[in-house]
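Please read the following account with the model open beside the text, since each paragraph takes up one part of the chain and leads on to the next.

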Amino acid sequence: MEKPVSSQQIDSGRPAGIQGWKFYDADDYHPEENQVKMGRGIPLNDQDRIPWLCNLHDILLRDVASGQCVVLACSALKKMYRDILIRGKAGAALKSEELGKEEKPGEVQLLVVHLTGSFELISGRLLQRKGHFMPSQLLQSQFDTLEPPGAPENFIQVSVDKNLSEIIATIMETLKMK
């Protein structure tokens with residue numbers, strides 16, 4: 001079975017279906033109260049994000065269980081958030097010594113595509129984005145919250161200085177090697 005891919009949403013561009021993969025923008029699944037909070041310029045906290053991430057886990061689990069390959073564009077800024085995407089509610093309480101155990105039922109295999117770029121580049125892209133509930137002034141809070149993935153997480157790092165087709169090619173090449 002192919003592995004779903006999670007990436008941090010950097011701009012409003014949505015890749016076309018990647019060779020039959022289903023695409024989800026996690027922002028489309030934020031509850032209204034999260035959207036209103038961000039719209040007022042207030043950063044989300046863990047309590048705001050955990051139910052949203054659990055819902056995303058359930059969507060991933062459903063699709064992967066049915067054999068669907070999935071791309072999820074998601075600002076999974078903390079390791080705990082990525083653990084929730086993998087394990088659902090159990091990921092919120094996961095202890096680091098539990099990492100490395102065999103996959104359990106209800107877990108999703110995840111390749112995190114950590115898109116990196118300078119604050120200036122990403123800020124410039126956010127300023128061009130129209131009609132989104134998260135204002136650009138919240139970007140600093142996301143950089144402050146960011147815990148880049150590291151071992152033993154399954155991840156690759158790709159610069160957003162590349163164009164979309166180069167980013168997709170890098171991801172697809174990595175998946176072929178897995």
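In this predicted model, the side chains of D63 and K22 meet in a salt bridge, with a distance of 3.9 Å from N to O. The pair links distant parts of the chain, D63 belonging to helix α2 (residues 46–65) and K22 to strand β2, 41 residues apart. How accessible are the two partners? D63 is buried, with a relative accessible area of 5%, whereas K22, with a relative accessible area of 36%, is partly exposed. D63 counts as buried because its 5% is under the limit of 20% relative accessible area, while a residue between that limit and 50% is partly exposed.

Helix α2 also takes part in a second contact of this kind, in which K78 forms a salt bridge with D46 and the closest N and O atoms are 2.9 Å apart. K78 lies in the loop between β3 and α3 (79–87) and D46 in helix α2, so the pair ties together parts that are 32 residues apart in sequence. D46 has a relative accessibility of 21% and therefore counts as partly exposed.

A further salt bridge joins E107 to R87, the closest N and O atoms being 3.3 Å apart. Here, too, distant parts of the chain are linked, with E107 in the loop between α4 (89–92) and β4 (111–116) and R87 in helix α3, 20 residues apart. E107 and R87 are both buried, and salt bridges that share partners join K79, D83, R87 and E107 into one network. By the rule applied here, the count comes to 8 salt bridges. Side chains of opposite charge can pair when their charged atoms come close.

Strand β2, which holds K22, leads to the strand pairing. Strand β2 (residues 22–25) and β3 pair in the parallel sense over 4 bridges, and in β3 the bridge partner of F23 is V71. Which way do the side chains of β3 point? From strand β3 (residues 70–73), V70 and L72 point one way and V71 and A73 the other way, and all of these residues are buried. The loop between β1 (5–7) and β2 is the place of G20, and G20 counts as exposed because its relative accessibility is 60%. Although G20 and Q68 are 48 residues apart along the chain, their C-alpha atoms are separated by 8.5 Å.

The interior also leaves some space unfilled, as the structure holds 2 cavities of 30 Å³ or more. The largest cavity has a volume of about 70 Å³, and its lining includes M38, P43, L44, R49 and L77, with M134, L138, S141, Q142 and T145 also among the lining residues. Of the residues of this lining, 6 are nonpolar, 3 polar and 1 charged. Helix α6 (residues 139–145) gives the most to the lining of the largest cavity, with 3 residues.

Seen as a whole, the protein chain has a secondary structure of 7 helices and 5 strands, and from the N terminus on its elements run β-β-α-α-β-α-α-β-α-α-β-α. Of its 178 residues, 45% count as buried. Among the contacts in the protein chain with a separation of 6 or more, residues 24 or more positions apart account for 72%.

Technical notes
Residues are numbered from 1 along each chain as its sequence is written. This is a predicted model: local features need pLDDT of at least 70, side-chain atom pairs count only at pLDDT 80 or more; totals for chains, interfaces and linings use all residues. Side-chain values use heavy atoms; hydrogens and water are left out. On a 1 Å grid over the protein atoms alone, a cavity is a set of points where a 1.4 Å probe fits but cannot get out, and a pocket is an open set with protein on both sides within 12 Å along at least five of seven lines; lining residues have an atom within 4 Å of a point. Grid points are joined across faces, edges and corners, and a volume is the space filled by probe spheres set on the points. Helices (H or I, at least four residues) and strands (E, at least two) are DSSP runs, numbered from the N terminus. Ala, Val, Leu, Ile, Met, Phe, Trp, Tyr, Cys and Pro count as nonpolar, Asp, Glu, Lys and Arg as charged, and the others, Gly among them, as polar. Buried means under 20% relative accessible area, exposed over 50%, partly exposed in between (1.4 Å probe, protein chains only). Two strands pair if DSSP finds at least two bridges between them. A salt bridge is a side-chain nitrogen of Lys or Arg within 4 Å of a carboxyl oxygen of Asp or Glu. Contact means heavy atoms within 4.5 Å.
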